[in-house]
Amino acid sequence: MSHMELIAPCHFGLEAVLKREIIDIGYDIAGVEDGRVTFYGDEEAVCRANIFLRTAERILLKAGSFRAVTFDELFEKTRELPWERYIPKDGKFWVAKAASVKSRLYSPSDIQSIMKKAIVKRLSEHYHMDWFSEEGASYPVRVFLKKDTVTVGIDTSGVSLHKRGYREVSGKAPITETLASALIMLTPWKKDRILVDPFCGSGTFPIEAAMMAANIAPGMNRSFTAEDWTNLIPKKLWYDTVNEAADLICDVPDADIQGYDINGSVIRIARRNAREAGVDHLIHFQERDVRALSHPKKYGFVITNPPYGERLEDKKNLPELYRAFGESFKGLDSWSAYMITSYEDAERYFGRKADKNRKIYNGMLKTYFYQFQGPKPPKKQKEQ
């Protein structure tokens, strides 16, 4: 099992960000498709990908890929996969999710049922058993069908990787941790630059930025399904990876990361989340209206997820809110602003056309990442 293919799903439109992350932690890319990146690795790669990647939704061990246009074909080709390599006699296995796009087989429940039967058939033949206790470790299977090509993976993560373990409580309409990290990575922000989120909610943007600044691995303080796969991955590899992550943490006492929100109770939640993430000393949270957005220094960044009328408030209040945001931003000399929103009139009321605009799907919601770029700081200042 030293050489395997791993699949990392991500938000649609952010595949390039995840690809760069995977390369940066030392692995070769096998392929990039809409919403996922496939790469090569070994047992250690399963541990390191789960613990270090900030923008992946989960890590799947690829069991195989094939073409199927009938349920008989789906059964037979699923049965042909070497399931005994992955699932022991007492393993608990089920098809946790099936997704189908532009394929003749499109019923998730039927796909799940037939594939489960095929896996049972294969393991029965290999282990010479008619009944499985399924009392051991969990091996949840996830399957994607696209244009009649079936890709099968076993989920090593369990709970989605956006669950870092620090945000038990959140405000309304929170942005996920993985999406927040990816959006920060799309900007030129670095830890020596100012970052302000004037609509911080439960603090996801500031907390993810602070974790990046301190080089805190996002998966350090949570567990993963594959930790129990002792037939495939030695426990020592997980301990070694966590120790590696701990050794890489660096303090950044001069970080200037701030989060504002008009709702005081939400700010209290943000502070609690930052404490849980171990970065509360790096972030200044404050109850503040966007009209009071200001900072004495130049060349900072506003990175934010303002309300867009989906759940937070009625759309009738949005023009004034975005107008106030735009007016306040004008007072930030030489700053850059980045905002993700589904509000179609965001540029109009913000008072400026974005220099760049990127379409990103936040779940099923189509949003836009507007980028209002300021000037780069002088080289001498950057060196200082």
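Entry 1, helix pair. I looked up how α3 and α4 pack in this predicted model. Helix α3 (residues 71-79) meets α4 at an angle of about 35 degrees, and I read 8 Å between their axes. The crossing of α3 past α4 is right-handed.

I then listed the residues that make the contact. On α3 I found F71, L74, F75, T78 and R79. On α4 I noted D110, I111, I114, M115, K117, A118, I119, K121, R122 and E125. I sorted the residues of this contact into eight nonpolar, one polar and six charged.

Entry 2, sheet. I traced an open sheet of seven strands, with the order β2-β3-β1-β4-β7-β6-β5 and mixed pairing. Which strands stand at the edges? I found β2 (29-33) and β5 (92-101) there; each has a single partner strand, so one side of each has no neighbour in the sheet. For the twist I noted that neighbouring strands are turned by 30 degrees against each other on average, direction ignored.

Entry 3, one strand pair. I checked β1 (residues 4-9) against β3 (residues 36-41) and found antiparallel pairing over six bridges. Within this pair I located M4 opposite G41 in β3.

Entry 4, helices on the sheet. I looked at helix α2 (residues 43-52) and saw that α2 lies across β1 and β3. Its run makes about 15 degrees with β1. Helix α4 (residues 108-127) also packs on the sheet, where I found α4 touching β5, β6 (138-146) and β7 (149-155). The direction of α4 makes about 140 degrees with that of β5. I note that α4 thus appears in two entries: packed with α3 and packed on the sheet.

Key. Residues are numbered from 1 along each chain as its sequence is written. This is a predicted model: local features need pLDDT of at least 70, side-chain atom pairs count only at pLDDT 80 or more; totals for chains, interfaces and linings use all residues. Side-chain values use heavy atoms; hydrogens and water are left out. Two strands pair if DSSP finds at least two bridges between them. Axes are lines fitted to C-alpha atoms, for helices over the stretch in contact, and angles run from 0 to 180 degrees between N-to-C directions. Contact means heavy atoms within 4.5 Å. A crossing is left-handed if the near helix is turned anticlockwise from the far one by less than a right angle, and right-handed if clockwise. Ala, Val, Leu, Ile, Met, Phe, Trp, Tyr, Cys and Pro count as nonpolar, Asp, Glu, Lys and Arg as charged, and the others, Gly among them, as polar.
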